[in-house]
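Let's take a walk through this structure together, going from a single residue out to the whole chain and back again. Keep the 3D view open as you read.

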Amino acid sequence: MSPSIKHLILASLVGGTPVFAAPSLDLFVDDLKRPTYMTAPSGSSDYLYILEKEGCIRVFDRKSGKLLDTPLLDIKDRVRSKSNEQGLLGMAFSPTFSKDRRFYLYYTDSKGHTQVSRFSYPDNGKLEVDPASEEKLVHAEQPYGNHNGGWIDFGPDGMLYIGTGDGGAANDPKNNSQDLSNLLGKMLRIDVSTDKAYQVPSDNPFVNQKDAAPEIFAYGLRNPWRCSWSGDLMFIGDVGQNKWEEINVTSLNQLKGANFGWRLREGYHETPKKGVGGDKPENNVEPVHEYVHGGGPDEGLSVTGGYVYRGSISELKGLYFFADYTIGNVWTFEYKEGKAQNLKSWTKDFEVDGKKITQISSFAEDPQGELYIISDKGSIYQIIDK
């Protein structure tokens, strides 16, 4: 039954006054091994692809409602996942996947370094990808085991965007995020439409700047843990240091050359450590929302960015969902006139068996716009209209 029909029936039961059932969660799939992400090619309706942290891509058959026994790809032998933030972290299908049969993975390699690679489906039609089809594209050495970033996706301009962490430890000791010669702590942008390797777009902001890595599109990020596009807007959940978690929103044009402030700034604030914090840098982009560390209903310890909802539940359309990995709080806001407005908590609505979902490693969006919440504990839940 469609949501609109259900709403009409409810309205008739209360004398014509519309009544909306609160959205809730439904268990979509479980028994996974530390899932980190789920995605599918644009427009598809047959399968969803689930990343497991150790290095497997599981296939969920939407018609049967079951996981397939054979993974799409197993690269556990080249993925390091010993530290909590390492592993197989991100996946993006080519915008022209139906023709080129290519997809891209973001993972930490056997030495713990950041690796972005391209893989290709075989021509035989089977749901099995040969690990030998890997073509390594972008590599960045990680000095520490945490802050590995992990998000990749294609933007509205057809370019591949890559969100990298600052390299780890505390307070970015090597100042990687502000160093334009280093790929860490950045939003990278590359053109992967070539048959082999990639090209640097000629309009990237630092292409002609001496000693700057030309792949860099924006900088000053600490650990962008889940980003998303909504039309021309990019939403970035950037994990904080000791006190503040933040959400950044920029248009594609504003993103070019933007400096999100880390390590000088944490949220709206100067980083308190002596010799680290400072005034807002040039081209600084302030977050549109921040929340303080703690265990309360409006607090948390590690942000997980999400998506603007565009699915079938009419009262959720246009709301940006995000959460806290550690505490399990889930919120939305509306992004209007450059501001985050009408903040709302969904934590209570999204309880399962009377308990909050914790270790929210990611949200996921299927090609139809429905949203899912992924728990590192092994389950994925769909947001439904109950």
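Does Ser228 count as buried or exposed? With a relative accessibility of 1%, Ser228 counts as buried, because buried means under 20%. Before going further, keep in mind that what you're looking at is a predicted model. To find Ser228, go to strand S15, which runs over residues 224–230. Once you set aside the residues up to four places away in sequence, Ser228 still touches Trp151, Leu233, Met234, Phe235, Gly306, Tyr307 and Tyr320. For a sense of distance, try Asp77: it sits 151 residues from Ser228 along the chain, and their C-alpha atoms are separated by 29 Å.

Now zoom out. The chain's secondary structure comes to 3 helices and 27 strands. The radius of gyration is 20 Å, close to the 21 Å that the globule rule gives for 386 residues, so the chain is as compact as a globular protein of that length. Measured out along its principal axes, the C-alpha trace spans about 70 × 55 × 35 Å.

Ser228 has plenty of company on the inside, since buried residues make up 56% of the 386 residues in the chain. As for contacts, take those with a separation of 6 or more: 55% of them join residues 24 or more positions apart. On the outside, the accessible surface comes to about 16,400 Å², and carbon and sulfur atoms hold 47% of it. There are 43 positive and 53 negative charges, and the mean positions of the two sets are 2 Å apart.

What does the record say about this chain? An unreviewed UniProt entry carries the annotation "domain: Glucose/Sorbosone dehydrogenase", covering residues 48–380. Over residues 48–380 the chain is 2% helix and 37% strand. The C-alpha atoms at the two ends of that stretch are 12 Å apart.

Let's drop back down to single residues, beginning with strand S1, where you'll find Val29. Val29 has a relative accessible area of 8%, so it is buried. Leaving out residues up to four places away in sequence, Val29 touches Ile50, Phe60, Leu67, Gly378, Ser379 and Ile380. Lys256 is another matter: it lies 227 residues from Val29 along the chain, with 38 Å between the C-alpha atoms.

Just along from there is the loop between strand S1 (23–29) and strand S2 (35–39), and Asp31 is found in it. Asp31 is exposed, because its relative accessibility is 67% and the cut-off is over 50%. Asp31 also has a positive phi of about 60°, although it is not a glycine.

His147 has a positive phi too, of about 55°, and it is not a glycine either. This residue is in the loop between strand S10 (135–140) and strand S11 (151–154). Is His147 buried or exposed? At 4% relative accessibility, His147 counts as buried.

Next, look at two loops on either side of strand S6. Leu72 is in the loop between strand S5 (66–67) and strand S6 (73–74). With a relative accessible area of 1%, Leu72 is buried. Which residues does Leu72 touch, not counting those up to four places away in sequence? They are Tyr49, Ile57, Val59, Met91, Phe103, Tyr121, Leu127, Glu128 and Val129. Take Tyr121 from that list: it is 49 residues from Leu72 along the chain, yet their C-alpha atoms are separated by 9.4 Å.

Val79 is in the loop between S6 and strand S7 (88–93). Val79 counts as buried at 10% relative accessibility. Apart from its neighbours within four places in sequence, Val79 is in contact with Lys53, Glu54, Gly55, Gly87, Leu88, Tyr107, Thr108 and Asp109. Lys53 is 26 residues from Val79 along the chain, and the C-alpha atoms of the pair are separated by 8.7 Å.

One last stop is the peptide bond from Trp262 to Arg263, which is cis, with omega near 15°. You can look for Arg263 in the loop between helix H3 (252–255) and strand S18 (265–266).

Technical notes
Residues are numbered from 1 along each chain as its sequence is written. This is a predicted model: local features need pLDDT of at least 70, side-chain atom pairs count only at pLDDT 80 or more; totals for chains, interfaces and linings use all residues. Side-chain values use heavy atoms; hydrogens and water are left out. UniProt positions are given in the numbering used here, feature names are shortened, and annotations may be inferred rather than shown by experiment. Helices (H or I, at least four residues) and strands (E, at least two) are DSSP runs, numbered from the N terminus. The radius of gyration is taken over C-alpha atoms; the globule rule is 2.2 Å times the number of residues to the power 0.38. Buried means under 20% relative accessible area, exposed over 50%, partly exposed in between (1.4 Å probe, protein chains only). Contact means heavy atoms within 4.5 Å. Accessible areas come from the Shrake-Rupley method with a 1.4 Å probe; for residues, only the protein chains shown count as cover. Lys and Arg count as positive and Asp and Glu as negative; His and the chain ends are not counted. The place of a charge is taken as NZ of Lys, CZ of Arg, CG of Asp or CD of Glu.
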